[in-house]
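Welcome, and please open your viewer. We will walk through one protein together, stop by stop, selecting residues as we go.

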Amino acid sequence: MTTSLDIRPMTASDLARITDLHGKVLGPGRFARTAYRVRERAALRASSPYPLSRVGWAGTDIAAAVSMNPITIGGKSGAVLLGPLVVDPDFSGQGLGEKMVNDALDTARKQNVKLVLLVGDHSYYKRFGFEVVDAEKISMPGPVDPHRVLAIALSEGSLAEFSGPISA
């Protein structure tokens with residue numbers, strides 16, 4: 001059976017439940033990841049979640065969530081960092097992660113975001129059009145496997161517009 005998912009913008013009132021879901025799915029190791037540190041710096045600057053962040057509701061339960069945070073690359077704005085993408089294990093295997101990513105990318109396109117980056121498995125994210133980023137062109141501000149830094153250009157040629165270090 002496939003769960004019906006109501007995808008909405010993330011709100012401040014969702015944050016405690018999403019933090020619990022992150023702990024359930026990702027565990028305490030998430031705090032050591034470079035991408036987490038970038039997102040953490042972005043969150044400290046904001047009083048509420050970035051408007052492109054999404055929550056997938058199954059009735060009264062949060063079944064999935066994906067954060068999107070604004071970043072600069074070499075000082076240039078127009079890019080966001082996608083992640084983490086989390087699906088509650090009670091709802092796994094139903095394609096909810098794919099629905100969340102597609103919704104996040106559609107929302108980003110509508111808001112004229114030029115580039116979406118993430119740190120993840122290319123084998124999963126290539127279905128959406130993500131490709132491995134040239135580590136000499138775009139770099140994360142800490143240790144990360146360069147083969148896991150992925151990007152998708154949301155407008156023609158926009159990847160070529162960005163180079164340098166990623167910052168919140």
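Here is a tour that starts with the whole chain and then visits single residues.

**Stop 1: the whole chain**

Before you select anything, keep in mind that this is a predicted model. Show the chain as a cartoon and colour it by secondary structure: you should find four helices and nine strands. Now trace the chain from its beginning. The elements come in the order β-α-α-β-β-β-α-β-α-β-β-β-β.

Switch to a surface view next. The protein chain exposes about 8,500 Å², and carbon and sulfur atoms supply 51% of that area. Of its 168 residues, 44% count as buried. The chain also brings distant parts of its sequence together: among contacts between residues at least 6 apart in sequence, 70% join residues at least 24 apart.

**Stop 2: the largest nonpolar core**

Hide the surface and select M68, L82, L105, V116, Y125 and F130. These are the residues with the most contacts inside the largest nonpolar core, which has 26 residues. Which elements give two or more residues to this core? They are β3 (61-73), β4 (76-87), α3 (96-110), β5 (115-119) and β8 (149-153). Colour α3 on its own, since this helix gives the most to the core, with six residues. There is a general pattern to keep in mind here: in soluble globular proteins, nonpolar side chains tend to be buried together.

For a look from the inside, centre the view on V116. Leaving aside neighbours within four places in sequence, V116 is in contact with M68, V80, L82, L105, A108, F130, L150, A151, I152 and L154. Apart from the largest core lies another one, of 13 residues; to find it, select M140, V149, F162 and I166, which are among its members.

**Stop 3: a cluster of rings**

Show the side chains of Y124, Y125, F128 and F130. Ring pairs link these four residues into a cluster. In the whole structure, a search finds four aromatic pairs. Begin with Y124 and Y125: their ring centres are 4.8 Å apart, with 85 degrees between the planes, an edge-to-face pair. Then turn to Y125 and F130, whose centres lie 5.8 Å apart. Their planes are at 75 degrees, and because an angle over 60 degrees counts as edge-to-face, this pair is edge-to-face too.

Are Y124 and Y125 buried, partly exposed or exposed? Y124 is partly exposed, with a relative accessible area of 24%, whereas Y125 is buried, at 11%. F130 is buried as well.

Now add R127 to your selection. R127 lies over the face of Y124, at 4.1 Å from the ring centre. For another charge over a ring, move to K76 and F162: the charged end of K76 sits over the ring of F162, 5.5 Å from its centre.

**Stop 4: a buried aspartate**

Select D88, in the loop between β4 and α3. Is D88 buried or exposed? Its relative accessibility is 9%, and under 20% means buried, so D88 counts as buried. Show what surrounds it: not counting residues up to four places away in sequence, D88 touches L21, K24, V25, I62 and A63. You can also draw a distance from D88 to I18. These residues are 70 apart along the chain, and their C-alpha atoms are separated by 10.0 Å. Finally, zoom in on D90, whose backbone nitrogen lies 2.8 Å from a polar atom of the D88 side chain.

**Stop 5: two backbone details**

Go to P84, which is in strand β4. Look at the peptide bond that leads into it: from G83 to P84 this bond is cis, with omega near 0 degrees.

Our last selection is N112, found in the loop between α3 and β5. What is phi of N112? The angle is near 65 degrees, a positive value in a residue other than glycine. N112 has 64% relative accessibility; over 50% means exposed, so N112 counts as exposed.

Notes:
Residues numbered from 1 in each chain as written. Predicted model: local features only at pLDDT ≥ 70, side-chain atom pairs only at ≥ 80, totals over all residues. Heavy atoms only, no water. Core = buried A, V, L, I, M, F, W, Y, C linked by side-chain atoms within 4.5 Å. Buried < 20%, exposed > 50% of the residue type's maximum accessible area, 1.4 Å probe, protein only. Contact = heavy atoms within 4.5 Å. Areas by Shrake-Rupley, 256 points an atom, 1.4 Å probe, with all protein chains shown as cover. Polar contact = N/O pair within 3.5 Å; in protein donor to acceptor, adjacent residues only side chain to side chain. Phe/Tyr/Trp six-rings, centres within 6.5 Å; stacked < 30°, edge-to-face > 60°. Lys NZ or Arg CZ within 6 Å of the ring centre and 35° of its normal.
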